[in-house]
Amino acid sequence: MAQTGGEALVKLLENYGVDTVFGIPGVHTLELYRGLPQTNIRHILTRHEQGAGFMADGYARVSGKPGVCFLITGPGLTNAATAIGQAYSDSIPMLVITSVNETPTLGKGLGRLHETKDQRAISAPLTAFSATALSPEELPGLIARAFAVFNSERPRPVHIEVPMDVLAAPVAEDWTNRVAVSAKRPPVSAADIEQAARMLASAKRPMMIVGGGAIDAAADIRALAEAAKVPLFTSIAGKGILPPGHPLSGGATLCMPPAWEFVADADLVLAIGTELAETDFWRDTLPINGPLIRVDIDSSKMNDLYPPALPIVADSYQAASALLSAWGDRSASVEPAWLERVQGLRNRVRSEHAPLQQQHQLVLDSIAEAVPEGTLLATDMTQIAYTGNYVYDSVAPRKWLHPTGYGTLGYGLPAGIGAKVAAPQQPALVIAGDGGFLYTVQELATAVEEIDSALVVLVYNNASLGQIRDDMLERDIELVGVSPRNPDFIGLAKAFGCAVYQPQSLADMRRDLSQAFAFAGVSFIEVDAAKVSA
């Protein structure tokens with residue numbers, strides 16, 4: 001019997017190196033699921049399509065490979081749209097395969113099950129591209145195009161919809177081994193690199209800002225910073241490019257006034273693999289007064305809020321490697337006082353904490369003391385994670401996952417599950433607030449079913465939508481809708497099958513974390529913000 005389009009598509013994905021897909025089978029995706037048992041691809045059953053998208057995101061951030069989702073027509077895609085938007089905003093590679101109604105019915109409004117007028121109109125603004133395969137023979141070309149995006153452009157989600165009749169149609173010729181060689185990233189200009197090296201060598205107060213697009217270049221960026229004596233700051237996505245305590249590290253502190261002052265006084269800024277987004281800095285723009293050298297794969301970044309003196313459209317890895325080579329045995333001109341200033345910056349940030357951030361610092365320090373080395377942290381949109389974005393040290397890239405750009409609640413738990421699937425040997429910690437956790441609480445079922453090594457879910461419960469409550473108070477708005485009635489979190493976690501802890505102090509929390517990380521499964525810790533701050 002000939003393969004169906006769905007079976008062949010799954011085999012083709014396996015040949016592209018896909019080892020995991022996240023999704024929920026439905027009547028419109030049965031032909032995809034017919035193909036899965038014929039491959040070594042692992043299927044992770046999520047409890048909501050949004051969870052599938054967030055898990056694919058977490059998987060991609062940790063593995064560096066595209067996360068893959070199988071979703072049904074209509075509500076499957078719309079349920080996952082928030083997660084796709086998050087991945088788009090944070091430049092995460094994600095391949096979203098959905099079904100769609102039969103080809104003869106498309107766009108006709110016949111009232112078919114799961115029908116939308118134009119499914120691609122929903123996904124197009126959230127993806128690098130969205131396309132429809134109108135025959136099985138179109139699938140290899142579309143998959144090749146998707147992997148070209150992942151491997152040679154700014155990585156962003158891709159949506160490919162396949163009508164049900166195309167999924168079920170027999171494949172006339174076996175194309176499952178047609179794995180295309182992806183286009184390469186643009187080579188860096190030697191003249192641009194030489195100019196950048198000269199500018200760097202003459203700067204007396206230089207600094208680097210590096211982002212998530214630069215994490216694969218971490219080794220060369222570190223070597224360049226050390227050779228040229230350049231203080232280095234990261235975006236949230238770039239955390240860990242320099243190790244904690246490195247004398248040139250300003251950390252991810254560009255959201256704080258001492259770092260803003262540092263930027264304003266720099267006489268050269270080298271930005272690599274970062275869109276310099278407002279969501280990293282908590283202000284509209286950074287006060288960049290010196291010349292800006294900008295390295296980015298995305299040419300549109302050269303004409304946004306920060307037009308550079310020297311634009312370099314290139315892959316960060318290639319550019320960093322070339323710049324390190326071009327530096328050679330040049331001598332830096334950096335003022336000693338500039339280096340002393342960056343070394344004191346982290347302590348200054350701590351000393352200027354407001355009371356809430358002081359409490360967060362105590363909790364985060366206790367967490368850092370208790371977690372095993374190399375732990376993956378997946379965080380939600382919650383106040384303690386906002387503080388952690390700039391004060392919690394990451395020992396390496398791909399260790400701190402946060403929904404920076406789109407800023408969606410509910411990210412932490414499913415992203416942490418995806419991270420664990422990508423790196424099952426690494427312990428993982430989820431940090432979520434009580435409000436955001438309830439957005440995707442159902443994925444505890446997936447976690448308990450799929451995870452058999454240490455995954456710890458910590459809910460920091462301040463019994464409120466804390467950030468919005470504080471914003472209302474600051475603007476003298478009467479509090480509305482920010483003090484929800486929470487469930488019994490411990491009872492809920494028990495019902496899902498988690499090991500549970502409810503510490504009464506920071507010392508209890510450290511003890512409970514140690515015990516939880518010794519457990520080969522999913523543990524749940526509810527931290528009462530009022531008790532640990534007492």
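How many of the 15 residues of H3 are buried? The count is 14 of the 15, so H3 is largely enclosed by the rest of the structure. Here "buried" means under 20% relative accessible area, "exposed" means over 50%, and "partly exposed" is what lies in between, with a 1.4 Å probe and protein chains only. Helices (H or I, at least four residues) and strands (E, at least two) are DSSP runs, numbered from the N terminus.

A quick note on the ground rules: this is a predicted model, where local features need pLDDT of at least 70 and side-chain atom pairs count only at pLDDT 80 or more, while totals for chains, interfaces and linings use all residues. Residues are numbered from 1 along each chain as its sequence is written, and side-chain values use heavy atoms, with hydrogens and water left out.

**Helix H3 and its ring contact**

From its first C-alpha to its last, H3 reaches 21 Å with its 15 residues, close to the 21 Å expected at 1.5 Å a residue (the expected span is 1.5 Å times one less than the number of residues). Right after H3 comes Gly-64, with a positive phi near 80°.

Now for the rings. Rings of Phe, Tyr and Trp (its six-membered ring) pair if their centres lie within 6.5 Å; planes under 30 degrees apart count as stacked, over 60 as edge-to-face and the rest as tilted. Searching the whole structure turns up 11 aromatic pairs. One of them joins Phe-54 and Tyr-411, which are edge-to-face because their ring centres are 5.5 Å apart and their planes sit at 80°. This pair links distant parts of the chain, 357 residues apart: Phe-54 is in helix H3 (residues 49-63), and Tyr-411 is in the loop between strand S14 (400-401) and helix H16 (412-422). Both Phe-54 and Tyr-411 are buried.

**H10 meets H13**

Phe-262 and Trp-338 make a stacked aromatic pair, 3.9 Å centre to centre with 25° between the planes. Phe-262 belongs to helix H10 (residues 257-265) and Trp-338 to helix H13 (residues 336-351), so the pair ties together parts that are 76 residues apart in sequence. Phe-262 is buried at 0% relative accessibility, and Trp-338 is buried at 2%.

There is also a salt bridge here, meaning a side-chain nitrogen of Lys or Arg within 4 Å of a carboxyl oxygen of Asp or Glu. Side chains of opposite charge can pair when their charged atoms come close. Asp-265 and Arg-341 meet this way at 2.9 Å, N to O. With Asp-265 in helix H10 and Arg-341 in helix H13, this pair too ties together parts 76 residues apart in sequence. Asp-265 is partly exposed at 34% relative accessibility, and Arg-341 is partly exposed at 32%.

**Other charges and rings**

By the salt-bridge rule, the count comes to 28. Here are some of them:

| Pair | N to O distance |
|---|---|
| Glu-173 and Arg-178 | 3.2 Å |
| Asp-265 and Arg-341 | 2.9 Å |
| Arg-511 and Asp-512 | 3.0 Å |

In the last row, Arg-511 is partly exposed at 43% relative accessible area, whereas Asp-512 is buried at 3%. Salt bridges with shared partners also join Arg-154, Glu-275, Arg-294, Asp-298, Lys-301 and Asp-304 into one network. Back in the first row, Arg-178 is partly exposed at 40%.

Some charges go for rings instead. A charge sits over a ring if NZ of Lys or CZ of Arg is within 6 Å of the ring centre and within 35 degrees of the ring normal. The charged end of Arg-145 is over the ring of Phe-129, 3.7 Å from its centre, and that of Lys-239 is over the ring of Trp-400, 4.9 Å from its centre. Elsewhere, ring pairs link Tyr-16, Phe-147 and Phe-150 into a cluster.

**Two backbone oddities**

Which residues other than glycine have a positive phi? Leu-276 is one, with phi near 50°, and Ala-463 is another, with phi near 55°. Leu-276 is in the loop between strand S10 (268-272) and helix H11 (278-281), and is buried at 3% relative accessible area. Ala-463 is in the loop between strand S16 (455-461) and helix H19 (466-474), and is partly exposed at 44%.
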